[in-house]
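Colleague: Before I plan anything at the bench, could you take me through this structure and reason aloud as you go?

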Amino acid sequence: MSTLHTVNKSPFERDSLATCIRLSTKGCAILLIEDGVFGAMSGTDHSDMVSAAMKDASFYVLGPDLAARGMSEDRVIDGIQVVDYSGFVDLTTKHDTCQAWL
Amino acid sequence: MSTKKFMFLNRKAPYGTVYALESLEVVLIGAAFEQDVSLAFVGDGVYQITKGQSTDGIGMKNFSPTFKALGDYEITKLYVEKESLEARGLTLDDLMELTWEDEDDDWAEKPSIRLVSSEELAAVFDEQDVVLSF
């Protein structure tokens, strides 16, 4: 069964992203939204953790939340796909369940 | 009335929570009382003053341009912790250009952002009468 995980907290402020990565299974999808989008940026203290997790999970980040925070899509970690709101909806339909890491 | 040193400590990213906007509102209210006000951006607080914020897609007000008005309220000291920027892969170039005009220097435009180390920022905190945490 495949799960879509959403993470909406900054990895610098909470351990939501680290916990999600630790407790998710191979083949899942992780979508970073709201303050969670900072976890998608390259060159941060958390980039290596995310890059390492990408061998087991597909990563996505919500474009409008990146733009709101002045985070350039060009600096998103390679391999993380930027999606819009309809892409978010598509992800929810493609997976059996959705788990929000609040 | 005696002048006190007020420091607004900003540690939260904008938009995800209301702290950043609330802090800015209080800063602007406080400006009316002619106190010695400075701001510090630490941790995720540094994200509040990034360049190029565009909130059209999330249906929220982009309040980042308001930081550009602080100079007109004689709020000219915005301390940014260097270690916080580095942990986030950011540099000064990723932040807005925030300036103030020095009336004692023929209205020369001067930068408001002061990039400081943790140690330097600790010394600035030590000088404050009041620290307001957001």
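Colleague: Which residues touch the most other members of the largest nonpolar core?

Modeller: This is a predicted model, and its largest nonpolar core holds 53 residues. The residues of that core that touch the most other members come from chain A and chain B, and they are A:L31, A:L32, A:V37, A:A40, A:V61, B:L39 and B:F41.

Colleague: Leaving aside neighbours within four places in sequence, what is A:V37 in contact with?

Modeller: A:V37 is one of the core residues that touch the most other members, and two others of that group, A:L32 and A:V61, are among its contacts. Leaving aside the neighbours within four places in sequence, the full list for A:V37 is A:L32, A:V61, A:L62, A:D65, A:L66, A:R69 and A:M71.

Colleague: Which strands of chain A stand at the edges of the sheet, and why is one side of each left without a neighbour?

Modeller: The five strands of chain A form an open sheet with parallel pairing, in the order β4-β3-β2-β1-β5. Because each edge strand has a single partner strand, one side of it is left without a neighbour in the sheet, and the strands in question are β4 (81–83) and β5 (97–101) of chain A.

Colleague: What is the bridge partner of A:T6 in β2(A)?

Modeller: Strand β1 (residues 3–7) of chain A pairs with strand β2 (residues 29–32) of chain A in the parallel sense, over four bridges. Within this pairing, the residue of β2(A) that partners A:T6 is A:L31.

Colleague: What angle does the direction of helix α1 of chain A make with that of β1(A)?

Modeller: Helix α1 (residues 16–23) of chain A packs on the sheet, where it touches β1, β2 and β5 of chain A. Its direction, set against that of β1(A), makes an angle of about 165 degrees.

Colleague: Is A:D35 buried or exposed?

Modeller: A:D35 lies in the loop between β2 and α2 (47–53) of chain A, and, not counting residues up to four places away in sequence, it touches A:N8, A:K9, A:S10, B:A13 and B:G16. A residue counts as buried if 20 or more other C-beta atoms lie within 10 Å of its own. Because A:D35 has 26 other C-beta atoms within 10 Å, it is buried.

Colleague: How many residues does the contact take from chain A and from chain B?

Modeller: By class, the side of chain A that touches chain B has six nonpolar, six polar and six charged residues. As for confidence, the model scores ipTM 0.90 and pTM 0.94, and chain B averages a pLDDT of 96. The contact takes 18 residues from chain A and, from chain B, 19 residues.

How values were computed. Residues numbered from 1 in each chain as written. Chains lettered and ligands numbered in written order. Predicted model: local features only at pLDDT ≥ 70, side-chain atom pairs only at ≥ 80, totals over all residues. Contact = placed C-beta atoms within 7 Å. Nonpolar A, V, L, I, M, F, W, Y, C, P; charged D, E, K, R; others polar. Core = buried A, V, L, I, M, F, W, Y, C linked by C-beta atoms within 7 Å. Buried ≥ 20, exposed ≤ 12 C-beta atoms within 10 Å, placed from the backbone. pLDDT = per-residue confidence, 0-100. Pairing = 2+ DSSP bridges. Helix = DSSP H or I, 4+ residues; strand = E, 2+ residues; numbered from the N terminus. Axes fitted to C-alpha atoms, helices over the stretch in contact; angles between N-to-C directions.
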